[in-house]
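Work through the exercises below with the sequence and the 3D view open. Try each task before you read its solution.

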Amino acid sequence: MNQYKKAAMLAGGIALSSIFAPAQAYVGLCCGKCGGNMPMNIPGGGIPETYEFRVKLSPMYMHMGGLQNGTNGVSADRLLGMPMMGGKPTGKYMAVPTSMDMSMLNLSVGYSFTKKFFGGAMFMWKQNSMNMKFNSMMRMSTGVDGFTMRSQGLGDTMLMGKYLLYADDPLIPRREVSLFFGLSLPTGSIDIKNKDHPVAMRRKELDPYGMQLGSGTADPTIGVLYQGRASPYWWGMNATYTARLYDNKRHYRLGDEAHLDLYSMYQMNYSTVAEFQLNGMHQGAIRGVMNSAASGASGHAIQGNPMSPYATPLWNPANYGGDEVAVTAGIQWQPAPLWILDFQGSVPVYQRLNGFQERRDYRVMFTIYREIPTSRSVRYFGSGANGPSKLGF
C-alpha cells in the first residue's frame, strides 16, 4: 500500500511540475545551430547547420525625395538658374533632381561547408528612376519642365563568407561571434548613357555617378558579427567596412563605407518574430573625376567644355556620401518548416549629407527565405528520414 501511495505522490508531483514549470524556450525560426532568429537584410552572427543551403530572394524599393545639404533642406528652385553669367560661374544649375525611386531584386545563395565556415554569393538587379527639373532657359528651349533619368541592369555581385570565432555551446549557442568577409565584383555597368534626355545631343552623354549600376572596382569588405539570445529574445551587433582601393576604368572610385547595425528580435510564438534595428552608415565622397566629365563630353553646362560649370549637382563628386542613422522594423513568419517570409520597413532618423543630395525617405523590403538540408545534414528529411518539426528541426 505504501508503494502505491509513493507512486501516486510521484505521479502527482510530475503533473504539478508540468503545469507550473515554464514553457520550453523557442530555438528560433532558423536552426538552433546558428543561434536561432536572424535578420534578413544584414548578416547574423551565427553559422548555419553544416551541409545545408540557404536561398534568399529579396525585392526592395527605396524612395528619395527633396534636396538636402548637410542636415538642412534645400529647395530645388534655389539651385536652378544660369550656370554662368558674364563669363563667371554662379553656383546655379541647368537641372536638379527632385525625387528618385530605386528598385532592387537580390538573390543570395549560400552553403555551410563546415561547422565554422559559411560561404555564399549575392546577385543584384537594379532599376533607377530620377526625376529632374529644368531651369527656365531649358524649359523654354525644350518645351518641357524636366525629364526622368533612368538606368537598369545587373548590379555588382557580392561573394561573402562567415567564419565562427566563438560560440558558447556547439549545439544551441547563446552567444556567438563571427568574422565576416566579402568581395564585391564589378559586374554592374558604369557605362550607362543619359538616353532619355529631351535634348538629342545630350543622349550621348553618360549618366552621373549615382545613376550608374556598379562601382567599377573589386571592393573588399571585412567585419565582426555578434549575436546573443535569451529566448524569446535575440539581439546582435554587426560592424563592417568596405574599402575602395583603386580607381575604376573611368578614373574615379566610390567612397569607402562603414556600417554599424544593432538589432533586437522577439519571438511571439513558434512561427512569428518581431524585429527592430538601428542602422548606422558612413560613406565617403567620390574620389577622382569621371573621364567623360574631365574631358567635357558629359555633365557640363557647355557640352565639350570641361571649364564650364556642371549642368547638375549630380556631376560634382563632392556631392556624394555622408552619414545616416535609420530605424528598421519588421516581422518574420514561418508558413512551413524551413521557410520564412519577412517584411521590413526602414526610415532615416538622422542624415548629414555631403553637399547637395536627395535625402532618403523610406525603404521597404520583402524576403522569401529557404533552408535546404542536403543528405549529409543532420536535419535531412529525404527518403527514409524524419521530417522537421514545427521549429524547423
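**Exercise 1: A strand and its neighbours**

Strand β9 is joined to strand β10 (residues 219–230) by 10 bridges, and the two run antiparallel. The model is predicted: local features need pLDDT of at least 70, side-chain atom pairs count only at pLDDT 80 or more, and totals for chains, interfaces and linings use all residues. Residues are numbered from 1 along each chain as its sequence is written, and side-chain values use heavy atoms, with hydrogens and water left out.

Task: Find which strand β8 joins and what stands opposite A167. Then sort the side chains of β9 by face.

Solution.
- Step 1. Fix the terms. Strands (E, at least two residues) and helices (H or I, at least four) are DSSP runs, numbered from the N terminus. Two strands pair if DSSP finds at least two bridges between them.
- Step 2. Look at β8 (residues 157–167). It is joined to β9 by 10 bridges, and the two run antiparallel. A167 stands opposite E176 in β9.
- Step 3. Turn to β10. Here V224 stands opposite L179.
- Step 4. Sort the faces of β9 (residues 175–185), where side chains alternate. E176, S178, F180, G182 and S184 point to one face and are buried. R175, V177, L179, F181, L183 and L185 point to the other face and are not buried. Buried means under 20% relative accessible area, exposed over 50%, and partly exposed in between (1.4 Å probe, protein chains only).
- Step 5. Check L185 in β9. Its relative accessible area is 28%, so L185 is partly exposed. L185 touches D156, T157 and L159, not counting residues up to four places away in sequence. Contact means heavy atoms within 4.5 Å.

**Exercise 2: The nonpolar cores**

Task: Find how many residues the largest nonpolar core has, and list what M130 touches.

Solution.
- Step 1. Define the core. It is a set of buried Ala, Val, Leu, Ile, Met, Phe, Trp, Tyr and Cys residues joined through side-chain atoms within 4.5 Å.
- Step 2. Count. The largest core has 30 residues. M130, M132, M149, Y209, Y252 and M290 have the most contacts inside it.
- Step 3. Name the elements. β1 (52–70), β5 (95–112), β6 (117–134) and β7 (146–154) give two or more residues to this core.
- Step 4. Separate the other core. Apart from the largest core lies another of 13 residues, among them C30, C31, W234 and V273.
- Step 5. Zoom in on M130. Not counting residues up to four places away in sequence, M130 touches P97, S99, M100, F147, T148, M149, M211, L314 and E358.

**Exercise 3: Charged pairs**

Task: Which residues pair with D77, K249 and R287 in salt bridges?

Solution.
- Step 1. Recall the idea. Side chains of opposite charge can pair when their charged atoms come close. A salt bridge is a side-chain nitrogen of Lys or Arg within 4 Å of a carboxyl oxygen of Asp or Glu. The structure holds 14 of them.
- Step 2. D77 pairs with K133, the closest N and O atoms being 2.8 Å apart. D77 is in helix α2 (residues 76–79) and K133 in strand β6, 56 residues apart.
- Step 3. K249 pairs with D191 (2.9 Å, N to O). K249 lies in the loop between β11 (233–242) and β12 (252–253) and D191 in the loop between β9 and β10, so the pair ties together parts 58 residues apart in sequence. K249 counts as exposed, at 55% relative accessibility.
- Step 4. R287 pairs with D256, the closest N and O atoms being 3.0 Å apart. R287 counts as partly exposed at 37%, whereas D256 counts as buried at 18%.
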